[in-house]
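This report goes through one protein model, from single residues in loops to sheets, helices and a metal site. The sequence and structure come first.

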Amino acid sequence: MSNNKYKVLLVEDEASIRDFVQTIMESNSYQVLSAETGAQGHLLFLSHQPDLVILDLGLPDMDGLDFIRLVRKSSPVPIVILSARTQEWDKVSALDLGANDYITKPFGTSELLARVRVALRSSRGGVDSLPGGKFTLAGLVIDYEKRMVTLSGAEIRLTQTEYNILAVLAQHAGKMMTYSAIVQAVWGGSDPGSVKKLQVNMANIRKKMGSRPGESRYIVNELGVGYRMRGEEE
Ligand code: CA
């Protein structure tokens, strides 16, 4: 087991959070490389090729967004953001630059571990989300071949657009997708009304799936950011 550990690079300048995350990760059989600055983190990244990066956006020597750009030049490694910021813009930018997900501080042990597992699994192309196969999650089944969605065995009748939105989210299960990323995937471009169009469709999908507003059994709505289909492990 010990030589089979996932290697996690943690880039965080705040000692208390760094220690907290490192302790949790190590006691759950992850190997942790930790860095206090972006420059240090980048060196560790290049020399160790970690399986996952946990990244604070507010670093002393560089913007976390620039760190994502650096990493994405050469690697698809999953990146989970630790965000203390309340501005949606930073989260959206981080996701659009290729981060997989973010966790808002303060966060707990189980949330951190769940996000890490989901990010690692989605980077391996989770078996439940292979196009051409089926996506399943707690009674929800999306049959990509038949373009059919069932909930507890009963078919949910969706429009083409609604189906496409749901399929895109399912194929990226566990990953927070920004409004613009979903719009791009479903409509192939965006116009000023796209986000509104997406939100209207999403409201219909949730209604057809029997979710009440605010409920998020399958799809998590981060206001001002985007949507995330839950991962199997959540
Ligand atoms: Ca910081």
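Ser 29 is partly exposed, with a relative accessible area of 33%. This residue belongs to the loop between H1 and S2, and its phi is positive, about 70°, although Ser 29 is not a glycine. The model is a predicted one. Most residues other than glycine have a negative phi. A positive phi also appears at Ser 152, where the value is near 50°. Ser 152 sits in the loop between strand S8 (148-151) and strand S9 (154-156). With a relative accessible area of 66%, Ser 152 is exposed, because the cut-off for that class is over 50%.

The backbone has a further feature in the loop between S5 and H5, where Pro 106 is placed. The peptide bond leading from Lys 105 to Pro 106 is cis, and its omega is near -5°. Most peptide bonds are trans.

The accessibility of several residues discussed in this report is listed below.

| Residue | Relative accessible area | Class |
|---|---|---|
| Ser 29 | 33% | partly exposed |
| Ser 152 | 66% | exposed |
| Phe 20 | 34% | partly exposed |
| Phe 107 | 10% | buried |
| Asp 56 | 4% | buried |
| Gly 58 | 32% | partly exposed |

The aromatic residues come next. The count of aromatic pairs comes to 3. One of them joins Phe 20 and Phe 107, with 5.9 Å from centre to centre and 50° between the planes, a tilted arrangement. Phe 20 lies in helix H1 (residues 15-26) and Phe 107 in the loop between S5 and helix H5 (109-123), so the pair ties together parts that are 87 residues apart in sequence. Phe 20 is partly exposed, whereas Phe 107 is buried.

A calcium ion is bound by protein donors from Asp 13 (OD), Asp 56 (OD) and Gly 58 (O), which lie 2.2 to 2.4 Å from the ion. Along the chain these donors follow the spacing D-x42-D-x1-G. Of the donor residues, Asp 56 is buried at 4% relative accessible area, and Gly 58 is partly exposed at 32%.

Two open sheets can be described. In one, 5 strands are arranged in the order S2-S1-S3-S4-S5 with parallel pairing. Strand S2 (31-35) and strand S5 (101-104) are its edge strands, each pairing on one side only. On average, neighbouring strands of this sheet are turned by 20° against each other, direction ignored. Strand S1 (residues 7-11) runs parallel to S2 and is joined to it by 5 bridges; Val 8 stands opposite Val 32 in S2. Helix H4 (residues 88-96) lies across strand S4 (79-83) and S5, at about 150° to S5.

The other sheet has 3 strands in the order S10-S12-S11, with antiparallel pairing. Strand S10 (177-178) and strand S11 (219-222) are at the edges with a single partner strand each, so one side of each has no neighbour in the sheet. Between S11 and strand S12 (residues 226-229) there are 4 bridges in the antiparallel sense, and Asn 221 has Tyr 227 in S12 as its bridge partner.

Helix H6 lies across S10, S11 and S12 and runs at about 65° to S12. H6 (residues 160-171) has 12 residues and reaches 16 Å from first to last C-alpha, close to the expected 16 Å. Its buried residues include Tyr 163, Ile 165, Leu 166, Val 168 and Leu 169, and Glu 162 is also among them.

Key
Residues numbered from 1 in each chain as written. Predicted model: local features only at pLDDT ≥ 70, side-chain atom pairs only at ≥ 80, totals over all residues. Heavy atoms only, no water. Donors = N, O, S within 2.8 Å, 3.2 Å for Na, K, Ca; no water. Buried < 20%, exposed > 50% of the residue type's maximum accessible area, 1.4 Å probe, protein only. Expected span 1.5 Å × (residues − 1). Pairing = 2+ DSSP bridges. Axes fitted to C-alpha atoms, helices over the stretch in contact; angles between N-to-C directions. Contact = heavy atoms within 4.5 Å. Phe/Tyr/Trp six-rings, centres within 6.5 Å; stacked < 30°, edge-to-face > 60°.
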